[in-house]
Amino acid sequence: MTTPQLTDIHPAWLPPEVFRAIGSRHTLVRGAGLLVETVRQEVADAAARYGGALRQSTAGTESADPSYDLVFALTTEPGLPAGADAVQAEVAAGPVPLGADGFALARRAGVTVVLADAPAGLLYGLFEVVRRGEAAFGADLPVERHRPTNRLRMLNHWDNITVHPVMGQVERGYSGGSIFWRDGALTPDLARVRAYGRLLAASGVNAVTVNNVNVHVAEARLLTDRLGDLAAIADELRPYGIRVHLSVTFTAPVTLGGLSTADPLDEHVRAWWAKTTRQVYDTIADFGGYVVKADSEGQPGPFGYGRSHADGANVLAEAVAPYGGVVHWRAFVYNHRQDWRDRSTDRARAAYDHFAPLDGQFRDNVILQVKYGPIDFQTREPVSPVIAAMPVTRLAVELQVTQEYTGQQRHVCYLGPLWSEVLGFGLWGADGPTVADVAAGATAEVAGRRVAVTGQPTTVSDRSPRGTGPTGAGGGLAAVSNVGDDRFWTGHPLAQANLYAFGRLAWNPRLDPLTVLDEWIDLTFVPAATGDPDRLRRTLHEIMDDSWRTYERYTAPLGVGFMVRPGNHYGPDVDGYEYTPWGTYHFADRDGVGVDRTRATGTGFTGQYPAPWSDVYESPDTCPDELLLFFHHVPYGHVLHSGVTVIQHIYDTHFAGVDQVTTLRRRWAEIADLVDPAVAARVAERLDEQVRSATEWRDQVNTYFHRKSGVPDAHGRRIH
């Protein structure tokens with residue numbers, strides 16, 4: 001194996017220069033296994049480029065050799081060199097093992113040491129040294145233990161093998177075509193797939209699905225007669241510790257197996273899934289499992305047979321269980337054919353109403369994959385109450401890296417701060433367990449008691465611990481990928497930061513997203529190769545740190561959501577979804593705006609939250625400003641906690657958002673000479689479009705609400 005280097009593709013956060021610190025030193029790699037060989041090859045390639053050396057030796061022969069600068073070794077390796085052996089002893093005396101993906105990092109007696117219990121840990125340790133660069137070879141460093149918070153860190157690709165007539169080759173893809181599929185077949189050159197696996201490993205991702213959750217005819221056959229294509233992709237990703245998962249259609253026993261039914265309680269259906277799954281694992285021994293979208297937006301599911309989602313998920317889970325596989329069952333289930341005149345139907349309620357009563361009915365290897373918010377990846381929405389409602393079900397929290405509702409990679413919108421806010425949200429109050437805790441498999445306890453689905457506490461012993469079973473882990477984090485075959489991977493070069501940040505926050509949700517952005521900047525733009533690294537870093541922070549909130553300012557206000565053009569979801573259309581069956585309304589009239597989701601007078605959605613949030617969200621006096629219109633229909637003259645009225649807030653933020661984007665464009669022009677000309681040109685082009693689009697958003701939204709309310713702007717600015 002050789003380290004993938006694609007000369008015509010942007011290297012993202014792994015340009016050769018970031019390996020200089022490793023490549024200029026003498027390194028020992030000890031251990032066996034495919035991923036250890038990957039580490040060895042990465043070091044060898046770096047050494048060949050920068051004049052260092054990869055030492056080949058056997059146990060015991062190097063202990064007297066003082067020339068090692070860097071040692072990678074499994075903790076079971078005997079006879080490590082001086083310095084490394086002391087670190088090994090300290091790690092062995094630690095309170096808990098490092099685990100399958102964990103590693104220890106230390107520097108002693110002039111030697112930097114990375115130790116791991118398993119090969120994957122050495123791979124992640126390698127990329128930690130890459131991140132630190134020369135700083136990894138400075139003063140002595142006490143033993144640091146690095147273990148991922150989440151065992152499963154998955155990216156879902158919504159790629160189609162054949163081009164869909166509406167959604168194209170990549171549904172909600174804004175970065176070109178698929179890196180896996182071309183012209184109805186597996187891409188003939190898989191080098192980019194391997195390079196992609198390398199990028200993912202360097203950020204911490206360890207699983208991918210390679211096809212759309214909306215499974216069409218060609219994609220369905222990946223489970224059977226096109227299984228060889230899936231195996232070829234798995235072969236490319238395996239050296240970087242990435243396990244392949246597959247999106248499957250619930251009706252596969254009918255459409256692929258020729259059965260007359262897909263009823264999950266039918267013995268023939270169970271037998272078909274068992275047989276088919278055995279063939280998958282015979283072909284791909286480390287196959288991860290299935291991802292299923294069922295009874296959602298036209299996708300078939302167990303409701304068609306009068307069965308529950310637990311029934312549907314469990315039949316697939318039973319099939320993959322003998323091989324250690326999992327089933328990610330998406331909770332994105334709602335009525336997408338509702339009557340817009342019926343205000344009692346609330347899309348936000350749907351996931352909870354469908355799934356909360358099923359807590360405790362899913363097999364241990366079922367992971368319920370829940371979108372972080374109750375609607376659909378809006379720029380601002382509350383945390384989904386489902387995440388707090390199912391204490392004995394493994395939950396994965398689903399994010400969206402592809403910027404469907406946040407600028408579609410035409411706008412700068414760094415999502416790290418949004419995800420960090422979501423993951424750090426205290427589900428039972430500021431000091432209680434967080435969204436990240438639930439995803440990681442922490443028990444949902446408050447003051448020594450577990451919170452039940454009803455919101456009434458029961459003793460811990462009344463409920464079995466979360467995540468017991470064959471894996472003993474939570475569901476982790478999943479996200480929709482933003483990668484395509486674009487030269488820059490993500491269309492907008494700065495959107496690479498979102499892909500990197502997802503991996504890092506999936507590894508450790510407590511990382512500061514601005515520190516993560518610093519990592520990405522220093523890796524991607526390599527300070528040593530930049531004329532003025534401090535100015536570049538400072539300006540990129542000025543452009544990106546607050547870019548999510550800037551985007552929020554000039555789009556849908558105060559948590560109301562959507563207001564986008566139906567279909568492509570790009571650009572403003574305030575009433576675009578207001579009279580459609582999709583259930584994404586704002587109910588603006590001459591008197592006010594917002595959706596009443598209270599228990600007292602509305603849809604009752606606030607009652608799905610545990611205390612204190614059920615009460616906080618119930619009243620406009622306590623509801624946070626940024627979510628006011630999500631939970632309440634209020635007059636335009638309602639005064640926010642900020643001291644301004646709702647209508648004036650709409651005007652002010654939309655004018656401010658355009659001013660901020662115009663400033664971002666100017667700031668980029670000031671540092672364009674410090675980056676690759678191709679990157680400079682692409683970002684400048686995207687910023688021009690962002691200024692145009694933000695102006696369109698400002699003018700349409702402000703004009704709409706001016707005409708609805710009849711209230712003038714207090715500052716006399718032009719509204720059309």
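**Note on the predicted model: barrel, sheet, helix H2 and salt bridges**

1. A closed barrel of eight strands is present, in the order E7-E12-E13-E14-E15-E16-E17-E21, and its pairing is parallel. From one strand to the next, the twist averages 25°. Please keep in mind that this is a predicted model.

2. Two barrel pairings can be checked by residue. Strand E13 (residues 243–247) runs parallel to E14, and three bridges join them. His245 has Gly289 in E14 as its bridge partner. On to the next pair: strand E14 (residues 289–292) and strand E15 (residues 326–330) are also parallel, joined by four bridges. Here Tyr290 stands opposite Val327 in E15. Val291 stands opposite His328, again in E15.

3. How is the β-α-β unit of E14, helix H10 and E15 handed? It is right-handed, with H10 covering residues 309–320.

4. Next, strand E5. It spans residues 111–116 and is mostly covered, with six of its six residues buried. Which residues lie on each side of E5? Val111, Val113 and Leu115 are on one side. Thr112, Val114 and Ala116 are on the other. Both faces are covered, and these residues are all buried.

5. E5 pairs with E3 and with E4. With E3 the sense is parallel, over five bridges. Val71 has Val113 in E5 as its bridge partner. With strand E4 (residues 103–108) the run is antiparallel, and five bridges make the join. Ala106 stands opposite Val113 in E5. Val113 thus appears in both registers, facing Val71 and Ala106. Strands of a sheet pair through backbone hydrogen bonds, either parallel or antiparallel.

6. The E4 and E5 hairpin deserves a look at its turn. Two residues lie between the strands, and Ala109 takes a positive phi near 50°. A positive phi also turns up after helix H2: Gly51 follows the helix, with phi near 90°.

7. Does the length of H2 agree or disagree with its residue count? It agrees. H2 has 17 residues (34–50), so at 1.5 Å a residue it should span 24 Å, and its end C-alpha atoms are 24 Å apart.

8. H2 has a long list of buried residues: Leu35, Val36, Thr38, Val39, Arg40, Glu42, Val43, Ala46, Ala47 and Tyr50. Charged names, Arg40 and Glu42, are among them. An α-helix has 3.6 residues a turn, so residues three or four places apart point the same way. What covers the buried residues of H2? The cover includes helix H1 (20–23), helix H4 (119–132) and helix H5 (191–203). It also includes strand E1 (26–30), strand E2 (53–55) and strand E3 (70–74). E3 therefore has two roles to inspect, as part of the cover on H2 and as the parallel partner of E5.

9. Salt bridges come to 52. Side chains of opposite charge can pair when their charged atoms come close. One of them joins Glu134 and Arg25, with the closest N and O atoms 2.9 Å apart. This pair links distant parts of the chain, 109 residues apart. Glu134 sits in the loop between H4 and strand E6 (141–146), and Arg25 in the loop between H1 and E1. Are the partners buried or partly exposed? Glu134 is partly exposed, because its relative accessibility is 48%. Arg25 is buried, because its relative accessible area is 16%, under the 20% limit.

10. Arg682 and Asp486 form another salt bridge, 3.1 Å from N to O. Arg682 lies in helix H22 (residues 677–709), and Asp486 in the loop between strand E21 (477–480) and helix H15 (496–507), so the pair ties together parts 196 residues apart in sequence. Arg682 counts as buried at 17% relative accessibility. Asp486 is buried as well, with a relative accessible area of 13%.

11. Arg698 and Asp699 also form a salt bridge, and their closest N and O atoms are 2.9 Å apart. Arg698 is buried, at 18% relative accessible area. Asp699 is partly exposed, at 21%. The 20% cut-off falls between these values, so the two labels part here.

12. Last, a network. Arg380, Glu421, Asp546, Arg549, Glu552 and Arg553 are joined into one by salt bridges that share partners.

Note on methods. Residues are numbered from 1 along each chain as its sequence is written. This is a predicted model: local features need pLDDT of at least 70, side-chain atom pairs count only at pLDDT 80 or more; totals for chains, interfaces and linings use all residues. Side-chain values use heavy atoms; hydrogens and water are left out. The expected span of a helix is 1.5 Å times one less than its number of residues. Buried means under 20% relative accessible area, exposed over 50%, partly exposed in between (1.4 Å probe, protein chains only). Contact means heavy atoms within 4.5 Å. A salt bridge is a side-chain nitrogen of Lys or Arg within 4 Å of a carboxyl oxygen of Asp or Glu. Two strands pair if DSSP finds at least two bridges between them. Axes are lines fitted to C-alpha atoms, for helices over the stretch in contact, and angles run from 0 to 180 degrees between N-to-C directions. A crossover is right-handed if, with the strands pointing away from the viewer, the path from the first strand over the helix to the second runs clockwise.
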